[in-house]
Amino acid sequence: FLDDIIDNAVDILMCDEQNVVKDFENIKINVDFKLFSIAIKNLLDNGIKYSTDKKILIKVQNKNIIFENFGDKLSYEIKRYYEPFFKGDDVKSNQSFGLGLYIVKHILDAHNFNFEYKYSEGKNIFSISF
């Protein structure tokens with residue numbers, strides 16, 4: 001269940017549960033629990049770290065898990081962030097190894113899921129299509 005995966009990801013990340021806002025009905029998805037939890041953990045970590053309010057919203061629409069946070073648009077096109085050790089120009093990126101989205105992309109590819117990014121109305125929106 002998605003709720004269990006997110007709870008596990010929050011535990012791995014060791015973040016305050018108040019930073020993660022869930023707005024969905026629990027669904028069952030066919031994934032490797034540990035691997036998918038790591039992908040979700042990386043998305044949560046980025047969402048919280050780079051947001052202006054330290055919050056990330058998770059919702060489900062149709063066959064998409066959507067992660068939204070208020071913040072600046074990515075400096076480069078999303079494909080650059082799939083490269084290992086790639087970091088943007090943000091000061092906070094100096095606190096990372098540049099592997100988060102690289103790992104997310106590979107885990108999602110292993111599950112044959114699509115991953116998309118867009119920026120709209122001051123929000124970064126990452127979407128996993130399953």
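## Exercises on a predicted model

Just after α4, Asn-112 adopts a positive phi of about 60 degrees. The model behind these exercises is predicted.

### Exercise 1. Backbone at Asn-112 and Phe-85

Task: state where Asn-112 lies, and decide whether Asn-112 is buried or exposed. Then do the work again for Phe-85.

Solution.
- Step 1. Place Asn-112: the residue sits in the loop between α4 and β4.
- Step 2. Check the residue type. Asn-112 is not a glycine, although its phi is positive.
- Step 3. Apply the cut-off: exposed means over 50% relative accessible area. Asn-112 has 71% relative accessibility, so it counts as exposed.
- Step 4. Turn to Phe-85. This residue belongs to the loop between α3 and α4.
- Step 5. Read its backbone. Phe-85 has a positive phi of about 70 degrees and is not a glycine.
- Step 6. Take its relative accessible area of 59%; Phe-85 is therefore exposed.

### Exercise 2. The buried face of α4

Task: find which residues of helix α4 are buried. Explain why they line one face of the helix.

Solution.
- Step 1. Helix α4 covers residues 100–110. Its buried residues are Leu-101, Val-104, Lys-105, Ile-107 and Leu-108.
- Step 2. Look down the axis of α4. The buried residues fall within an arc of 165 degrees, so they line one face of the helix.
- Step 3. Identify the cover. It includes the helices α2 (33–49) and α3 (78–81). Strands β4 (114–120) and β5 (123–129) are also included.
- Step 4. Inspect one residue of α2. Asn-42 lies in that helix. Its relative accessibility is 7%, so Asn-42 counts as buried.
- Step 5. List contacts of Asn-42, leaving aside neighbours within four places in sequence. They are Gly-100, Ile-103 and Val-104.

### Exercise 3. Aromatic pairs

Task: the structure holds eight aromatic pairs. Classify the pair Phe-36 and Phe-113, then the pair Phe-115 and Phe-126.

Solution.
- Step 1. Choose the descriptors. A pair of aromatic rings is described by the distance of the centres and the angle of the planes.
- Step 2. Recall the cut-offs. Planes under 30 degrees apart count as stacked, and over 60 as edge-to-face.
- Step 3. Take Phe-36 and Phe-113. Their ring centres are 5.9 Å apart and their planes stand at 85 degrees, so this pair is edge-to-face.
- Step 4. Locate the partners. Phe-36 is in helix α2 and Phe-113 in the loop between α4 and β4, so the pair ties together parts 77 residues apart in sequence.
- Step 5. Check burial. Phe-36 has a relative accessible area of 0% and is buried. Phe-113, at 11% relative accessibility, counts as buried too.
- Step 6. Take Phe-115 and Phe-126. The centres are 5.9 Å apart and the planes are at 15 degrees, so the pair is stacked.
- Step 7. Locate these partners. Phe-115 is in strand β4 and Phe-126 in strand β5, so the pair ties together parts that are 11 residues apart in sequence. Both Phe-115 and Phe-126 are buried.
- Step 8. Widen the view. Tyr-82, Phe-115, Tyr-117 and Phe-126 form one aromatic cluster.

### Exercise 4. A charge over a ring

Task: determine where Arg-80 lies relative to Tyr-76.

Solution.
- Step 1. Find the distance: Arg-80 is 5.3 Å from the ring centre of Tyr-76.
- Step 2. Name the position. Arg-80 lies over the face of Tyr-76.

### Exercise 5. The largest pocket

Task: give the volume of the largest pocket. Then say which element supplies the largest share of its lining.

Solution.
- Step 1. The volume is about 680 Å³.
- Step 2. The pocket is lined by 35 residues. Closest to its centre are Asn-46, Tyr-50, Leu-74, Tyr-81 and Leu-101.
- Step 3. Sort by element. Those giving two or more residues to the lining are α2, β3 (64–70), α4 and β5.
- Step 4. Pick the largest share. It comes from α2, with seven residues.

### Exercise 6. Ser-75 and Asp-11

Task: place Ser-75 and Asp-11, then find a C-alpha separation for each.

Solution.
- Step 1. Ser-75 is in the loop between β3 and α3. With a relative accessible area of 47%, Ser-75 is partly exposed.
- Step 2. Ser-75 touches Tyr-81 and Asp-89, not counting residues up to four places away in sequence.
- Step 3. Ser-75 and Asp-90 are 15 residues apart along the chain, and 8.3 Å separates their C-alpha atoms.
- Step 4. Asp-11 lies in helix α1 (residues 2–13). Its relative accessible area is 52%, so Asp-11 is exposed.
- Step 5. Asp-11 and Lys-79 are 68 residues apart along the chain, with C-alpha atoms separated by 28 Å.

How values were computed:
Residues are numbered from 1 along each chain as its sequence is written. This is a predicted model: local features need pLDDT of at least 70, side-chain atom pairs count only at pLDDT 80 or more; totals for chains, interfaces and linings use all residues. Side-chain values use heavy atoms; hydrogens and water are left out. Buried means under 20% relative accessible area, exposed over 50%, partly exposed in between (1.4 Å probe, protein chains only). Helices (H or I, at least four residues) and strands (E, at least two) are DSSP runs, numbered from the N terminus. The arc is that of the directions from the helix axis to the C-beta atoms. Contact means heavy atoms within 4.5 Å. Rings of Phe, Tyr and Trp (its six-membered ring) pair if their centres lie within 6.5 Å; planes under 30 degrees apart count as stacked, over 60 as edge-to-face and the rest as tilted. A charge sits over a ring if NZ of Lys or CZ of Arg is within 6 Å of the ring centre and within 35 degrees of the ring normal. On a 1 Å grid over the protein atoms alone, a cavity is a set of points where a 1.4 Å probe fits but cannot get out, and a pocket is an open set with protein on both sides within 12 Å along at least five of seven lines; lining residues have an atom within 4 Å of a point. Grid points are joined across faces, edges and corners, and a volume is the space filled by probe spheres set on the points.
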